[in-house]
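Good morning, colleagues. Please look at the sequence and the structure as they come up on the screen.

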Amino acid sequence: MNNFIYHNPTELVFGKGQIARLPKLIPADKRIMVTFGGGSVKRNGVYDQVVRALEGRDFIEFWGIEANPSVETLRKAIALGKERKVDFLLAVGGGSVIDGTKLIAAGLLYDGDAWEIVLRGRAEKSVPLATALTISATGSEMNSGAVISRYETKEKYPFSGDYPLFSILDPGVLYSLPKRQIACGLADTFVHVLEQYLTAPGQSRLMDRWAEGILHTVSEIAPEALSDNPDYDVMSEYMLSATLALNDMIRMGVREDWATHMIGHEITALHGLTHGATLAIVINGTLRVLREQKRGKLL
């Protein structure tokens, strides 16, 4: 097993009705910006829950973070946040909203253009952020990673920001998702694990067993999660599997291979495809090309 340092400061607040805990989780003196994507949070009731929980607090809203968050949009949020002296961010949405908010958090404390942070690959300092998750897929609610697009030049790059201070995970909000979105989320979760697991055998029995546990769980629950009437326990397993797949837990001391993700990012940048869909397209080709290097693990 290789040397490693593991530290994950994100507090998970899991279960029904947990958005109501926001007043206890966010310090009362904070000037908050709440970030959103499109209007799905208004249709599924999450928006009303958030506004009700933040009643009496000093907050502003920023809408329109895309499914593949663009630096062009995030620059507007950064400018608004600086103007209003925002010192806390709450991302309400899926991985794209959370990723975009990580760049906003870094951009609020940066004098240059936010794209420079992405190209550098790491944020030096950030305004505190938290999340209320509405789409399970990327694991961004419990890691420091983010992927940002630049539509002007059709580029898409990952960078490392801050971990969310806390993330609220209510499986009930997943019921309203279209089946295709759930399918992409399941694919994203599954391939996240494969990129940390399908490398070389004999590195760590413990990491292998943890990874296999997530892979087996996703395989078992996928048909039920995609059924017309998924139950709460199934959606709970789906939501937590997506979080654990990319919160650094299963990669301690082992080799990783993110080739499929890098290729997938290029497909998204050029053609706008959903990230989970690109991974489903690419993964089998990656394994065919690397079948000899990965032979032991594949067997």
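I shall go from the overall fold to the nonpolar core, and then to two residues in loops.

Please keep in mind throughout that this is a predicted model.

Let me begin with the chain as a whole. Its secondary structure amounts to 12 helices and 8 strands. The radius of gyration is 19 Å, close to the 19 Å that the globule rule gives for 299 residues, so the chain is as compact as a globular protein of that length. Measured out along the principal axes is not the phrase I should use for a model; rather, the computed span of the C-alpha trace is about 55 × 45 × 35 Å.

How is the chain connected to itself? If one takes the contacts between residues at least 6 apart in sequence, 79% of them join residues at least 24 apart.

Next, the surface and the interior. Of the 299 residues, 55% are buried. The accessible surface is about 13,700 Å², and carbon and sulfur atoms account for 53% of that area. As for charge, the chain carries 32 positive and 35 negative charges, and the mean positions of the two sets lie 2 Å apart.

I turn now to the core. Which residues touch the most other members of the largest nonpolar core? They are Leu22, Val50, Leu89, Leu90, Val92, Leu103 and Ile104, in a core of 79 residues. The element that gives the most to this core is helix α8, residues 205–225, with 7 residues.

Leu89 deserves a view of its own. Leaving aside residues up to four places away in sequence, Leu89 touches Met33, Thr35, Thr101, Ile104, Ala105, Leu108, Val127, Pro128, Leu129 and Ala130. One of these partners, Ile104, is itself on the list of core residues that I have just read out.

Finally, two residues with an unusual backbone sign for discussion. Lys85 is not a glycine, yet its phi is positive, at about 55°. This lysine is in the loop between α4 (71–83) and β4 (88–93). Is Lys85 buried or exposed? Its relative accessibility is 56%, so Lys85 counts as exposed.

The second residue is Asp248, again not a glycine, with a positive phi near 80°. Asp248 sits in the loop between α9 (232–244) and α10 (259–271). Is Asp248 buried or exposed? With a relative accessible area of 12%, Asp248 is buried, the cut-off for that being under 20%.

Thank you for your attention.

Note on methods:
Residues numbered from 1 in each chain as written. Predicted model: local features only at pLDDT ≥ 70, side-chain atom pairs only at ≥ 80, totals over all residues. Heavy atoms only, no water. Helix = DSSP H or I, 4+ residues; strand = E, 2+ residues; numbered from the N terminus. Rg over C-alpha atoms; globule rule 2.2 N^0.38 Å. Buried < 20%, exposed > 50% of the residue type's maximum accessible area, 1.4 Å probe, protein only. Contact = heavy atoms within 4.5 Å. Areas by Shrake-Rupley, 256 points an atom, 1.4 Å probe, with all protein chains shown as cover. Lys, Arg positive; Asp, Glu negative; His and termini not counted. Charge placed at Lys NZ, Arg CZ, Asp CG, Glu CD. Core = buried A, V, L, I, M, F, W, Y, C linked by side-chain atoms within 4.5 Å.
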